[in-house]
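Student: I'm new to this structure and would like a close look at one helix and what surrounds it. Could you walk me through it at an easy pace?

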Amino acid sequence: MSGVIIGKDAKVYVAGHRGMVGSAIVRRLQSAGYNNLVLRSRDELDLTNQTDVRDFMQRECPDYIFLAAAKVGGIQANNVYRADFIYENLMIASNVIQAAYAAGINRLLFLGSSCIYPRDCPQPIREEYLLTSSLEPTNEPYAIAKIAGVKLCESFNRQYGTAYVCAMPTNLYGPNDNYDLESSHVLPALIRKVHEAKLRGDRQLTVWGSGTPRREFMYVDDMADACVFLMEANVSDGLFNVGTGSDITIRELAETIMEVVGFEGEIVFDASKPDGTPRKLMSSERLHSLGWKARTPLREGIERAYHEFVKNSGV
Ligand code: GFB
C-alpha cells in the first residue's frame with residue numbers, strides 16, 4: 001500500500017520530541033508549516049507501556065508517526081547498560097509499531113542507527129549488508145533492538161500492507177545533544193572536554209581509545225530534513241541510510257574541535273577505553289537517488305554545536 005499524501009494540516013505524532021532527533025524533526029515540521037503536531041512527554045506517555053500506547057493511538061489516531069523515541073548513548077553507555085538498551089528499545093519499537101497498526105495508522109517512519117550493520121562491513125555500508133555477519137559487541141544489544149524495529153516495519157508491511165519506512169542515520173550531533181561525559185557520544189564529549197580544558201588552561205586533552213576509528217558525523221537538522229523528505233516524497237517501504245558520504249578519524253575530529261574552540265594542547269589517548277567499530281561510513285545512494293542530500297559541512301556544524309553548548313552552559 002502506498003501512503004496517502006500528507007498535507008500541512010495532517011496530524012503528525014513525533015515520538016521522542018524532547019530528544020535531539022525528535023526536537024529537530026519538530027523544528028523542521030514547524031518551519032514547513034505543519035500545524036497539527038501531537039507531542040507527549042515521557043511523563044504523559046510511557047512508550048514502554050503497551051496498554052498506554054494502545055490507548056493513546058486509538059484516541060489520537062495520527063496520520064503520520066515519526067518514531068524517534070529511543071534510549072540512546074555513546075559507546076560506554078551502550079556497553080555498560082546493555083539490558084536497559086535492549087529492553088527499552090525493543091519495548092518502544094514493538095509497542096508503537098503494533099499499536100499504530102491496530103489503530104489503522106498506515107504511515108510511520110522508524111529511526112534506527114548505523115550500528116545495525118555488521119562490525120566488519122565493506123565500506124561504504126549499503127542497506128543490503130544488514131544481517132550478513134556479526135555485530136560490534138559494545139553496542140550489540142542496542143543494535144539488535146533496532147534491527148527488530150526494522151523487521152517489525154518490514155513484516156507489518158508484508159503481512160498487512162502498511163507503509164512503514166526505516167531511516168538509519170549515521171552518528172548525529174547538534175542542538176539538544178547529551179553532553180554528559182560518561183554517557184554521551186564522542187562529538188559532544190570532545191566539545192565539552194576541549195572547552196573545559198581551555199578554561200582550565202590544561203596542556204593535554206584525553207581522548208578515549210586509539211584515535212584511529214573512523215566515523216561519519218552529520219548535523220541533526222540534516223537528519224530531520226531527510227525524515228520530512230521521506231514523508232513528503234510519499235515513500236512507503238524500505239530501509240534508507242542517511243549520511244554525509246565522508247568520514248574522519250577520531251584524532252582528526254579532536255583536532256577540528258580544538259581548532260574551533262581555540263585550544264592548543266597535546267592529545268593523549270586512553271587505551272583503557274574501547275574503540276568500537278573500526279569504520280562506519282554509510283552509502284546513502286538509495287536516498288540520494290530520490291533527490292535528497294545532506295547540506296551542513298562538518299566544520300560549520302561543529303561551530304554551531306559549540307556556540308549552542310557555550311550558550312547553554314553559561315560559562
Ligand atoms: O560516539 P561514540 O561513543 O560511539 O564513540 P560509536 C566513537 C569513537 O570515539 C570510539 C571514541 O572509538 C570512542 O572510543 N572516543 C574518544 C570517545 N573520546 C571519546 C569520548 O570522550 N567519549 C566517547 N563517547 N567516545 C555508538 C553506539 O557507537 O554510536 C551506538 O554505541 C550508536 O549504538 C551511536 O550507534 C551512533 O560510534 O562507537
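Tutor: Let's start with a term we'll need right away: a polar contact is a pair of N or O atoms within 3.5 Å, and within protein one of them must be able to donate a hydrogen and the other to accept it. Keep in mind, too, that this is a predicted model.

Now to helix H2. Its N-terminal end is capped by Asn-49, which has a side-chain oxygen 3.1 Å from the backbone nitrogen of Thr-51. The helix itself covers residues 50-60, and after it comes Cys-61, with a positive phi near 45°.

Which residues of H2 are buried? They are Val-53, Phe-56, Met-57 and Glu-60. Looking down the axis of H2, you'd find these buried residues within an arc of 95°, so they line one face of the helix. Here's the general idea behind that: an α-helix has 3.6 residues a turn, so residues three or four places apart point the same way. Over on the face of H2 turned away from the buried side, you'll spot Thr-51 and Arg-59, both exposed.

What do the buried residues of H2 pack against? Their neighbours are strand S1 (12-15), strand S2 (37-38), strand S3 (64-67) and helix H4 (82-102).

Those three strands take us into a sheet. S2, S1 and S3 belong to an open sheet of six strands, in the order S2-S1-S3-S4-S5-S10, with parallel pairing. At its edges are S2 and strand S10 (238-242), and each of these pairs on one side only. In general, strands of a sheet pair through backbone hydrogen bonds, either parallel or antiparallel.

Follow S3 one step along the sheet and you get to strand S4 (residues 107-111), which runs parallel to S3 and is joined to it by three bridges. If you want a spot to zoom in on, try Leu-67, whose bridge partner in S4 is Phe-110.

While you're around there, have a look at Tyr-64 and Phe-66. Their ring centres are 4.9 Å apart and the planes stand at 50°, so this pair counts as tilted. Both Tyr-64 and Phe-66 are buried.

For contrast, try Tyr-173 and Tyr-219, an edge-to-face pair with 5.6 Å from centre to centre and 70° between the planes. Tyr-173 sits in strand S6 (residues 171-173) and Tyr-219 in strand S9 (residues 217-219), so this pair ties together parts that are 46 residues apart in sequence. Tyr-173 is buried, as is Tyr-219. There's a cluster to find as well, where ring pairs link Tyr-101, Phe-156 and Tyr-160.

One last stop, back at S4: Thr-138 is in the loop between S4 and helix H5 (140-160). Is Thr-138 buried or exposed? Its relative accessibility is 10%, and the cut-off for buried is under 20%, so Thr-138 counts as buried. The side chain of Thr-138 makes a polar contact of 2.5 Å with that of Glu-136. Leaving aside residues up to four places away in sequence, Thr-138 touches Ile-75, Asn-78, Asn-79, Arg-82, Pro-274 and Gly-276.

Methods. Residues numbered from 1 in each chain as written. Predicted model: local features only at pLDDT ≥ 70, side-chain atom pairs only at ≥ 80, totals over all residues. Heavy atoms only, no water. Buried < 20%, exposed > 50% of the residue type's maximum accessible area, 1.4 Å probe, protein only. Helix = DSSP H or I, 4+ residues; strand = E, 2+ residues; numbered from the N terminus. Arc of directions from axis to C-beta. Contact = heavy atoms within 4.5 Å. Phe/Tyr/Trp six-rings, centres within 6.5 Å; stacked < 30°, edge-to-face > 60°. Pairing = 2+ DSSP bridges.
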